[in-house]
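Let's take a walk through a protein model together. Keep the 3D view open and turn it as you read.

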Amino acid sequence: MKLAPIALAFAAFTFSAPALAQDDLSQKQDGNVVARAASPDGKLSVTISLDSEGRASYAVQRAGKPLLSDSRLGFLFTDAPKLDRGMSLVEIKRDKSDTSWTQPFGEWTTVRDNHTEMTVRLREKADLKREMDVTFRIFDDGVGFRYTLPDQPNLHHANIADELTEFAFAEPGTAWWKPAYLWNREEYLYNKTALDAVGTAQTVMTVKLADGTHVALHEAALVDYAAMNLQRAEGNTFKASLTPGAGAPKVSRDAGFSTPWRTIAIADDAAGLYAASRMTLNLNEPNKLGDVSWIKPGKFVGVWWNMIKGEWTWSRGPKHGATTAHVKAYIDFAAANHIPGVLVEGWNVGWDGNWFGNGNAMNFDQPTEDFDAAELARYAKAKGVYLIGHNETGGSASHYDSQLDRAFGYARDHGIPVVKTGYVTDAGQIERVDPDGSQHREWHEGQWMVNHHLRVVTTAANYHVSIDSHEPVKDTGLRRTWPNWVAREGGRGMEYNAWGGKNPPEHEANMVFTQFLGGPMDFTPGVLSLKGSDNSDIQSTVAKQLALYVVLYSPVVMAADTPENYAKYPGEMKFIRDVPTDWSDTRVLNGEVGDYATFARKARGSDDWYLGAVGDEQARSSVVTLDFLDAGRSYTAEIYRDGPGADYRTDARQSITMETRQVKKGDTLTIALAPGGGEAIRFVASPKKARRR
């Protein structure tokens, strides 16, 4: 396996201690406050305090009102005293930046990065006299902070047992969260509880405080470190809880590094949080891959849903899904509907037998005998379609490591630009084998797996292959740095609607203001039949399935149903064909966490806009103003809305009304959502009028 790319990638995220100046060392004020900084608009402020025992803490205020009260900073180590008491302020450095950068693809073409920065250096007064820097970047809609542990005489290597980082909310509130450290990885429904009733939560955790302010806690730039969860300490205070590894330290690194950013997105309402989530991208390093024109966002169909429903199998046999004949049929369907990709699962040797949690038989460059790889590559190319690969590891990550170059060489040689990876095993059961042959078990989001995922992404980039990782480490914005990491799963997607315990109607309205604040998810929408395994009903309407293509962002998006089912819905299929996966602008028109959300997005390279609205189990209605449309132009609104009597609980879930009307900027539309319903609209722009000379 080639190690150079990952070594370079890690080097890019390794920092020596910044050279801090003595230009702004604050005197103690307001009791124990030793430093403060404010956002560019002055609305948010951060203060750093040292208590009587020298414990450092930070606090966040919004419009002069406490948002986070004094929250501890520091580290616990496995082989050294904690870094906590007896600290003194040594130096302060301040900076600011207001720049913009362009995404190769995404929800916005241009992202503005406007922040102030404050770095404080803290040093133990006695004993080891170790130092740590804490850097705060303060945006108008959020705060990010991270630690830097410089290389120093009494700290050359850090074996971190945990962080002492806290988030102490200043008032009560309501939280939307899903549990950490349970067997099913990240794939849980979101709980809605009082803030002081949260257990140990994964991030993103979204909070609505008593005064209505919305806050989302997460992290950015997770590299060579353990993922952070949130453990409620007492009351409304939460402590960072780093994901365990196979050994005692949760993180082990040579000093001279910075941690991931801990992020606090802040807005007046749920809709505002979505825009605030751009902070996660801004806290990541710029693109390190250079020319990424080879990365192609797009839709795909897949030899998948029939397996999910149990009608076909991943393993070889009479019901094998990934056969040459089946794949050719999907290629034909994709070509006829101008869908560029076809996902194929179960195409390779290794699926026979019990592979869950033990994928050591998986071979990622050896097709089964009924899958003619060369012929399918030729056939797909002739039809103007590409195949999307699938590398399921069964949790055997070291086994996959040993085949990365072979796997992505195979993908390149067969015209496969995207590979979906998978790590299906219980949490804490990732198989790791070290070079000396010793065997270990890892968590999906521990430091070792964080590094494994980056090995996969950087190796894939060498072969111009993009990665859509399932059962992944969570998204922390690294798609900015490595744009070929196009999407992830890590939540309860459409497949759960095929089985028992289906996703409830509120699920998508929950996820868009929680998990999707971290980044795109491969949710696999578009099941127009609304049928899962054993002919069971999905808790949705047809219109909602269309709306999900606008509401739930991913640069690679599946049309998850089968060609046979899509043939029954020619009108609805038009929207799936039309809707893009790459956008130049995104607006959240309204929304409440877990209740409803309405998005408008502008297609990149086009003047057309798309609107998607989803709700929960209740019938809901809202009025939206079309202020996002261009002035002076007319648009044809192609509307797909819940039809008469539509209801996810009855056979009328299939009821849909398709209509057109002329609209312009400033017009209003009433969005009426049925129980479990949705609405999708394409706004087709009229040609621009030529200017008179």
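pLDDT is the predictor's confidence in each residue, on a scale from 0 to 100. You need that here because this is a predicted model, and pLDDT is the predictor's own score. The protein averages a pLDDT of 95, with 95% of the residues scoring at least 70. Confidence is highest in strand S33 (residues 609-614), at 99, and lowest in helix H1 (residues 4-12), at a mean of 35. Over residues 1-30 the pLDDT is below 50, and in the model this stretch has 75 contacts beyond near neighbours in sequence.

Now let's look at strand S18 (residues 237-242). Six of its six residues are buried. In a regular strand, side chains alternate between the two faces of the sheet. In S18, Thr237, Lys239 and Ser241 point one way, while Phe238, Ala240 and Leu242 point the other way; all are buried.

Who pairs with S18? The table lists S11 and S17.

| Strand | Residues | Pairing with S18 | Bridges |
|---|---|---|---|
| S11 | 166-169 | antiparallel | three |
| S17 | 228-234 | antiparallel | six |

On the S11 side, phenylalanine 167 stands opposite phenylalanine 238. On the S17 side, glutamine 231 stands opposite lysine 239. S17 and S18 also make a hairpin with two residues between them, and glycine 235 in the turn has a positive phi of about 55 degrees.

Next up is a sheet. Six strands form an open sheet in the order S31-S32-S33-S38-S35-S36, with antiparallel pairing. Strand S31 (583-592) and strand S36 (656-664) stand at the edges with a single partner strand each, so one side of each has no neighbour in the sheet. From one strand to the next, the twist averages 15 degrees. Within the sheet, S32 (residues 596-603) and S33 run antiparallel and are joined by six bridges; alanine 600 stands opposite leucine 611 in S33.

Which helix packs on the sheet and touches S31, S32 and S33? That's H11 (residues 542-551), which also touches S35, S36 and S38, and its direction makes about 125 degrees with that of S33. Helix H13 (residues 570-578) lies across S33, S35, S36 and S38, running at about 125 degrees to S35.

Finally, the nonpolar cores. The largest has 192 residues, and Tyr58, Met132, Phe136, Met205, Ile264 and Phe408 touch the most other members. Apart from it lies another core of 18 residues, including Ala600, Leu669, Ile671 and Leu673. You've already met Ala600: it is the residue opposite leucine 611.

Notes. Residues are numbered from 1 along each chain as its sequence is written. This is a predicted model: local features need pLDDT of at least 70, side-chain atom pairs count only at pLDDT 80 or more; totals for chains, interfaces and linings use all residues. Side-chain values use heavy atoms; hydrogens and water are left out. Buried means under 20% relative accessible area, exposed over 50%, partly exposed in between (1.4 Å probe, protein chains only). Helices (H or I, at least four residues) and strands (E, at least two) are DSSP runs, numbered from the N terminus. Two strands pair if DSSP finds at least two bridges between them. A nonpolar core is a set of buried Ala, Val, Leu, Ile, Met, Phe, Trp, Tyr and Cys residues joined through side-chain atoms within 4.5 Å. Contact means heavy atoms within 4.5 Å. Axes are lines fitted to C-alpha atoms, for helices over the stretch in contact, and angles run from 0 to 180 degrees between N-to-C directions.
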